[in-house]
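Please study the sequence and the structure shown below before attempting the exercises. Each task is followed by a worked solution.

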Amino acid sequence: MFLEISDNLTDCISVVSTPKGLLGIHEPACAAAIWQRDPLPRFQNWIEALPPEKLPKARLILRPDAVCEALLNVACQCGTPECPERDMLIEDASALAAIFANVMQAEYLRLRLDVVDTNACRKFHIDAVTARLVCTYRGTGTQYGLSENGQDPAEIVTVPTGAPIVLRGTRWPETPLSSLLHRSPPIAGTGETRLLLVLDPVEDPAEEAEGAYLH
């Protein structure tokens, strides 16, 4: 799926074709970077058909090189069936963790695999982090847009399923803050269940997880 960015968003959104392009988040005025990629049909058919109770769920703080083994254990505990597609999910999440850790020069990450079927975090906002990577593996992707005078965006764009987005947060050393806001898509009552990977850089591995951020 080709992601079209309107003229009023091109100055603050970087759409890239390689994982290395996510380093563009460090460019001046770049509020978000999106890696444009399409999920493999075989993988997408599998994860869309998986019963929600079998989707892997996790909240962990760990080194990027420990993600693969940790998610394998999570998948086993959650009853995610063993198959090549499950391996693809674990390997992709592990790869994104390594990529994001490199982008942010982070030794540790806070990792979440969230299963969402409500309107959690439906209000437009900016996260209280330096930066965050979100990748929606199943369901509707994160939505974003430019805010004027603190209002909800008039134009809303949805990140394609399977495309990772890196978003600057309120702790990014930037003045003034970007007016790019994002939210979790409202899905309550639709029967949709989303699975998303969320990664935050962590300076102190002993710090306690702060709040619950759903996008």
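The exercises below concern the sheet, the helices and the nonpolar cores of this predicted model.

**Exercise 1. The sheet**

Determine in which order the seven strands are arranged in the open sheet, and which strands lie at its edges.

*Solution.*
Step 1. The order across the open sheet is β1-β2-β8-β5-β10-β4-β3, and the pairing is mixed.
Step 2. An edge strand pairs on one side only; this applies to β1, residues 13-16, and to β3, residues 58-62.
Step 3. From one strand to the next, the twist averages 15°.
Step 4. At one edge, β1 runs parallel to β2 (residues 32-35), and four bridges join the two. Within this pair, V15 is found opposite I34 of β2.

**Exercise 2. Helices on the sheet**

State which strands α2 lies across, and which strands α3 touches.

*Solution.*
Step 1. Helix α2, residues 67-78, lies across β3 and β4 (108-116), and its direction is at about 155° to β3.
Step 2. Helix α3, residues 84-104, packs on the sheet and touches β2, β4, β5, β8 and β10. The directions of α3 and β5 make an angle of about 165°.

**Exercise 3. The two sides of α2**

Explain why the buried residues of α2 are on the same side of the helix.

*Solution.*
Step 1. List the residues with under 20% relative accessible area. In α2, the buried residues are V67, A70, L71, V74 and A75.
Step 2. Consider their directions around the axis: these residues cover an arc of only 140°, and therefore they lie on the same side of α2.
Step 3. Identify their partners: the buried residues of α2 pack against β3, α3 and β4.
Step 4. Examine the face turned away from the buried side, where the exposed residues E69, C76 and Q77 are carried.
Step 5. Look at what comes after the helix: α2 is followed by G79, which has a positive phi, near 75°.

**Exercise 4. The nonpolar cores**

Find how many residues the largest nonpolar core has, and which element gives the largest share of it.

*Solution.*
Step 1. The largest nonpolar core has 42 residues, and L96, Y137 and L199 have the most contacts inside it.
Step 2. Elements giving two or more residues to this core include α1 (41-49), α2 and β10. The largest share, ten residues, comes from α3.
Step 3. Leaving aside residues up to four places away in sequence, L96 touches W35, R37, L133, C135, Y137, P164, L197 and L199.
Step 4. A separate second core has 18 residues, among them C12, I34, V116 and A163.

Terms used: Residues numbered from 1 in each chain as written. Predicted model: local features only at pLDDT ≥ 70, side-chain atom pairs only at ≥ 80, totals over all residues. Heavy atoms only, no water. Pairing = 2+ DSSP bridges. Axes fitted to C-alpha atoms, helices over the stretch in contact; angles between N-to-C directions. Contact = heavy atoms within 4.5 Å. Core = buried A, V, L, I, M, F, W, Y, C linked by side-chain atoms within 4.5 Å. Buried < 20%, exposed > 50% of the residue type's maximum accessible area, 1.4 Å probe, protein only. Arc of directions from axis to C-beta.
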